Amino acid sequence: IGTAGHGIDFSAQTASSATGATTADETLDHYETGTWTPYDNSGAGLTFPTVGTARYIRVGNLVQVNFYVTYPTTSNSSTAIIGGLPFNQASGYHFMVCRVSGAGSDTAMFQLESSGAYGYILLGINFQTNANLSGNSVLASGTYYCA
């Protein structure tokens, strides 16, 4: 790609024959990989004592991210929010697989905020507070569409 604003055009291929499938765009115009820094976005001013290397890959408007943080020991009751995602997500809500140490067999999810670059930790259907995650590690990985 010799100049900005261009991409790889795949329109010469045969479109999907799946029932109801439509083609919106067949030009790949963005690819990048990198790291990002998760941070406390709850307003409590927490500092994560452990932050693993958070990585991302963006292909077009699809972003794959992963991160690992450990929550400090805290009794703060604000809703736990992790910010710093590399791109704002598109409107709507996306969920990622998440693991919280000490959560037992509860289903953990990371819910991205609509049009934002942050998300919430859920165990089952319950939003977690900073106190709920106190001393625990959070590991998440997933894909979302960026704006």
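A polar contact here is a pair of N or O atoms within 3.5 Å, where one must be able to donate a hydrogen and the other to accept it. Keep that in mind for D40, whose side chain reaches the backbone nitrogen of G45 at 3.2 Å. One caveat before going on: this is a predicted model.

**The overall picture**

Let's zoom out for a moment. The protein has 0 helices and 13 strands, so there is a cut-off worth recalling: a strand is a DSSP run of at least two residues. Read from the N terminus, the elements are β from beginning to end. Of the 147 residues, 38% count as buried. The accessible surface comes to about 8200 Å², and carbon and sulfur atoms account for 49% of that. As for how the chain meets itself, take the contacts between residues at least 6 apart in sequence: 61% of them join residues at least 24 apart.

**D40 and S42**

Back to D40, which sits in strand β4, residues 39-40. What is the nearest side chain of opposite charge to D40, and how far away is it? That side chain is R99, 20 Å away. D40 is buried and has no salt bridge, because a salt bridge needs a side-chain nitrogen of Lys or Arg within 4 Å of a carboxyl oxygen of Asp or Glu.

What the D40 side chain does have is polar partners. Besides the backbone nitrogen of G45 at 3.2 Å, the D40 side chain reaches the backbone nitrogen of L46 at 2.9 Å. The side chain of S42 joins that of D40 as well, in a polar contact of 2.7 Å.

S42 itself lies in the loop between β4 and β5 (50-51). Its relative accessibility is 16%, and buried means under 20%, so S42 counts as buried. The S42 side chain also makes a polar contact of 3.0 Å with the side chain of N130.

Here are the polar contacts of this area side by side:

| Side chain | Partner | Distance |
|---|---|---|
| D40 | backbone nitrogen of G45 | 3.2 Å |
| D40 | backbone nitrogen of L46 | 2.9 Å |
| S42 | side chain of D40 | 2.7 Å |
| S42 | side chain of N130 | 3.0 Å |

Now for contacts in general, leaving aside neighbours within four places in sequence. D40 is in contact with G45, L46, F48, I81 and N130. For S42, the list is S78, T79, I81 and N130. I81 and N130 turn up in both lists.

**The aromatic side**

The structure holds 6 aromatic pairs. One of them is W36 with F67: the ring centres are 5.7 Å apart and the planes stand at 75 degrees, so this pair is edge-to-face. W36 is in strand β3 (residues 31-36) and F67 in strand β7 (residues 62-70), so the pair links parts of the chain 31 residues apart. W36 is buried, at 7% relative accessible area, and F67 is buried at 1%.

F48, already met as a contact of D40, pairs with Y71. Their ring centres lie 4.9 Å apart with planes at 70 degrees, so this pair too is edge-to-face. F48 is in the loop between β4 and β5, while Y71 is in the loop between β7 and β8 (81-83), 23 residues away. F48 counts as buried at 8% relative accessibility, and Y71 does at 1%.

Which residues do ring pairs link into a cluster? They are W36, F67 and F110.

Technical notes: Residues are numbered from 1 along each chain as its sequence is written. This is a predicted model: local features need pLDDT of at least 70, side-chain atom pairs count only at pLDDT 80 or more; totals for chains, interfaces and linings use all residues. Side-chain values use heavy atoms; hydrogens and water are left out. Helices (H or I, at least four residues) and strands (E, at least two) are DSSP runs, numbered from the N terminus. Buried means under 20% relative accessible area, exposed over 50%, partly exposed in between (1.4 Å probe, protein chains only). Lys and Arg count as positive and Asp and Glu as negative; His and the chain ends are not counted. Contact means heavy atoms within 4.5 Å. Accessible areas come from the Shrake-Rupley method with a 1.4 Å probe; for residues, only the protein chains shown count as cover. Rings of Phe, Tyr and Trp (its six-membered ring) pair if their centres lie within 6.5 Å; planes under 30 degrees apart count as stacked, over 60 as edge-to-face and the rest as tilted.
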